[in-house]
Amino acid sequence: MFSFVLRRLASAVPTLFIVVTISFFLMRFAPGGPFNLERPLPPQTMANLMATYQLDKPIWTQYVTYITNAVTGDFGPSYIYKDNTVAELIGKGLPYSLELGFYALIVALVGGVLAGTVAALRQNSLLDFAIMSISTVGVTVPNFVVGPVLTLVFAIMLSWLPAGGWGDGSLRFLILPMIALALPQLAVFARLTRGSMIEALHTDHIRTARAYGLPARTVVITHAMRAAMLPVVSYLAPCAAALLTGSAVVETIFTIPESAATLCLAPSTAIIRWSWAQSS
Amino acid sequence: MNFSTPDGTVQAVKGIDLDIRAGETLAVVGESGSGKSQTMMGIMGLLAGNGTVSGSAKYRGQELVGLPPKALNAVRGAKITMIFQEPMTSLDPLYTIGRQVAEPIVHHRGGSFKQARQRVLELLELVGIPDPARRIDSYPHELSGGQRQRVMIAMALANEPDILIADEPTTALDVTIQAQILDLLRSLQARFGMAIVLITHDLGIVKHFANHVAVMRRGEVVETGTTAEIFEAPKAEYTRMLLDAEPSGRKPSPPDNAPIMLEGKNVTVDYALGGGLFSGKSGTFRAIDDVTLRLKQGQTIGIVGESGSGKSTLGRALLRLVPSGGHYRFERTDISGFDRSAMRPLRKQLQLVFQDPYGSLSPRQTVGEIVTEGLYVHEPQLSRADRDKRAIEALKEVGLDPASRNRYPHEFSGGQRQRIAIARAIILKPKIVILDEPTSALDRSVQGQVIDLLRDLQKAHGLSYIFISHDLSVVKAMSDYVIVMKDGKIVEEGETDAIFDAPKAIYTQTLMGAAFTA
């Protein structure tokens with residue numbers, strides 16, 4: 001088992017390498033650069049900046065430097081926050097994203113499995129339709145809509161919870177971003193669970209369990225649920241990744257300071273600046 | 001008993017009366033769709049969500065129909081237990097058999113799983129699981145079909161029930177295993193004195209096993225009586241029809257000078273085992289081991305054997321559909337070295353009909369499209385009108401209404417679908433047809449019709465058949481030469497009468513002895 005895990009992890013290395021390479025060259029071949037501003041810098045200043053960040057060297061040299069540094073965990077200086085390195089920015093932001101993402105994952109998993117199981121047990125009932133309709137909404141409405149709506153209702157109209165910020169990191173501050181982040185994933189878990197639960201409840205061994213007079217609780221939890229969890233478990237990994245990346249948007253909406261959001265948005269800021277420069 | 005469906009309410013069982021007394025075996029017989037299983041499911045509260053039961057089912061004076069779940073759970077699994085048709089899937093794959101047998105004990109008698117373990121060991125011993133102390137911690141997938149059915153029986157006996165309902169308990173098993181399971185049930189009944197309700201379509205089993213018989217048809221009991229009465233003096237016409245549906249008749253051998261159509265010499269087929277990228281382990285499994293076979297014009301060779309004996313693989317090897325060793329000849333052509341494209345023109349002459357009439361027809365094609373598909377490859381010069389004419393001829397020949405060629409397979413019954421599959425084969429005017437269990441998925445009365453059809457077609461077109469089946473009575477009626485296979489080897493071969501009347505090999509004798517021929 002241990003060697004199996006090691007082998008799977010090892011197979012991620014080439015994939016990562018390819019992804020890093022492609023994104024490096026894509027960024028370099030995109031027109032413009034990190035210092036193209038609305039008003040062009042004087043050529044001498046530009047040349048100095050390029051030299052500081054080693055952007056004047058041939059692209060292959062840049063690539064080799066980048067890769068060798070990246071392996072040791074050094075992602076170079078940030079082009080936007082000029083006093084920080086990229087590693088520092090991640091180090092500051094990641095713990096917030098991780099904590100928020102972890103809570104959101106728990107909420108999505110527990111809530112989704114529960115809702116999906118209830119829907120499966122009451123298949124084609126009003127309750128089933130209600131749960132599935134809500135989860136369709138959950139999947140389709142993006143969290144940059146859910147976030148502000150939650151803020152509007154619970155923070156501004158009802159004043160139950162704070163509208164944003166991290167505060168002292170207590171639960172009060174976490175609830176709204178957590179829900180905004182978890183909702184789409186919760187909906188996915190509910191749909192997955194419902195589907196595989198319905199299938200599991202129709203299997204022959206569930207009929208056996210019922211024929212032997214086992215109470216409904218045992219039939220559902222011990223026998224059906226265990227088989228139905230397989231697709232849910234395999235969705236956990238992509239879900240965790242989605243929560244971590246999705247947290248960038250939610251953290252921005254709820255103005256959680258120094259979060260990974262700033263980091264993620266950095267490249268897009270560069271692109272926006274570049275397109276402004278082109279159009280003007 | 002009613003089922004509500006999108007097409008309205010379907011009455012599956014229309015008010016039936018059955019009684020069973022302690023120590024007795026009642027057989028409920030009928031063809032598929034007669035409602036024999038649904039009756040028992042209804043009594044046990046196991047109907048699908050859209051089913052409802054009305055009427056009365058009393059166990060020792062206690063009404064079972066409409067009983068609240070808690071009270072019903074006290075009866076089922078304790079006083080009335082069930083075993084099912086599907087031994088492969090009736091056990092939960094995620095728990096050990098020991099835990100599953102213990103479950104009804106723990107739930108009905110209390111105590112812990114640990115305390116129940118000793119009782120489970122005794123039960124596994126009782127039902128003949130070899131080395132129960134080791135097997136108790138096995139998962140279902142580690143056991144064979146026969147062993148899983150034994151585990152189900154252990155589970156059924158765990159609380160010493162008064163009634164054991166056995167729903168086609170041996171249908172999915174090989175004949176030799178079937179005999180062992182039935183013997184086991186009989187000896188356990190003698191020992192514990194429980195009543196057994198045996199649901200089956202197999203009259204051979206009924207005759208050897210039951211005291212009383214109830215014959216069901218379309219949700220109604222058409223006749224009840226003691227086994228002797230039913231078999232010797234059946235009153236209802238339907239019962240008589242069922243009894244007569246046992247395949248009968250013999251096929252004469254072709255003349256000695258008939259030309260050899262297909263020959264396979266020293267056929268071997270190997271399958272690679274394992275060998276995944278990282279699994280390391282690999283090896284080969286010999287599915288067919290040095291088999292030689294000659295098929296003459298107009299001959300039917302029956303290949304019999306239990307599951308895993310290699311009989312289907314042999315059929316595919318002869319048609320060059322699986323990589324195999326040996327020498328092959330079709331008429332006068334040596335086809336040993338032929339690859340796929342070299343074989344293609346010959347495929348017209350060599351056709352195949354499969355076991356599963358539900359899976360082997362594309363659900364998205366009309367019957368006309370299914371039947372004529374082969375013509376596009378083998379006779380591309382035909383016009384649309386010509387193809388249509390050929391389809392009409394072929395459908396007429398297999399006894400289907402040619403007007404049905406614009407309909408889809410799901411509109412047809414199992415027997416009709418098998419006729420469509422046969423039409424698809426004969427439209428190409430083949431010389432050899434390999435029939436791989438063509439009647440196994442069909443009811444006895446439908447089986448008889450398909451067998452008659454195959455015999456008529458053979459006579460009309462001088463076809464040669466290779467008839468693969470585990471059903472000895474069908475093989476007896478269809479073929480003039482029989483090959484008995486076991487573990488990829490030929491155990492015995494010879495003229496049909498010689499094999500059936502005086503089998504020489506011990507394995508053939510066991511096989512014959514295990515098959516209850518009614």
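Which strands of chain B does helix 1 (residues 36-43) of chain B lie across? Helix 1 of chain B lies across strand 3, strand 8 (163-167), strand 9 (195-200) and strand 10 of chain B, and runs at about 140 degrees to strand 9 of chain B. Helices (H or I, at least four residues) and strands (E, at least two) are DSSP runs, numbered from the N terminus, and angles run from 0 to 180 degrees between N-to-C directions, with axes being lines fitted to C-alpha atoms, for helices over the stretch in contact.

Before going on, I should say that this is a predicted model, in which local features need pLDDT of at least 70 and side-chain atom pairs count only at pLDDT 80 or more, while totals for chains, interfaces and linings use all residues. Residues are numbered from 1 along each chain as its sequence is written, and chains are lettered from A and ligands numbered from 1 in the order in which they are written.

Let me stay with the sheet under that helix. It is an open sheet of six strands in chain B, with the order 7-8-9-3-10-11 and mixed pairing, where two strands pair if DSSP finds at least two bridges between them. Strand 7 (80-83) and strand 11 (220-226) of chain B stand at the edges with a single partner strand each, so one side of each has no neighbour in the sheet. On average, neighbouring strands of this sheet are turned by 15 degrees against each other, direction ignored. Within the sheet, strand 3 (residues 25-29) and strand 10 (residues 212-217) of chain B run parallel and are joined by four bridges, and Val29(B) stands opposite Val215(B) in strand 10 of chain B.

Chain B also has an open sheet whose six strands follow the order 17-18-19-14-20-21, again with mixed pairing. Its edge strands, each pairing on one side only, are strand 17 (350-353) and strand 21 (489-495) of chain B. Here strand 18 (residues 432-436) and strand 19 (residues 464-469) of chain B pair in the parallel sense over five bridges, and Ile434(B) stands opposite Ile466(B) in strand 19 of chain B.

Now to the backbone. Most residues other than glycine have a negative phi. Glu437(B), however, is not a glycine and has a positive phi of about 50 degrees; its place is in the loop between strand 18 and helix 16 (444-461) of chain B. Is Glu437(B) buried or partly exposed? With 19 other C-beta atoms within 10 Å, Glu437(B) is partly exposed, since a residue is buried if 20 or more other C-beta atoms, placed from the backbone, lie within 10 Å of its own, exposed if 12 or fewer, and partly exposed in between.

Turning to chain A, the axes of helix 6 (residues 126-140) and helix 8 (residues 171-201) of chain A come within 8 Å and cross at roughly 135 degrees. That makes helix 6 of chain A oblique to helix 8 of chain A, because angles under 35 degrees count as roughly parallel, over 145 as roughly antiparallel, 65 to 115 as roughly perpendicular and the rest as oblique.

Finally, the two chains touch: the contact takes 16 residues from chain A and 24 residues from chain B, and residues are in contact if their C-beta atoms, placed from the backbone, lie within 7 Å. On the side of chain A that touches chain B, helix 9 (204-211) and helix 10 (216-253) of chain A each supply at least two residues, and the largest share, six residues, comes from helix 9 of chain A.
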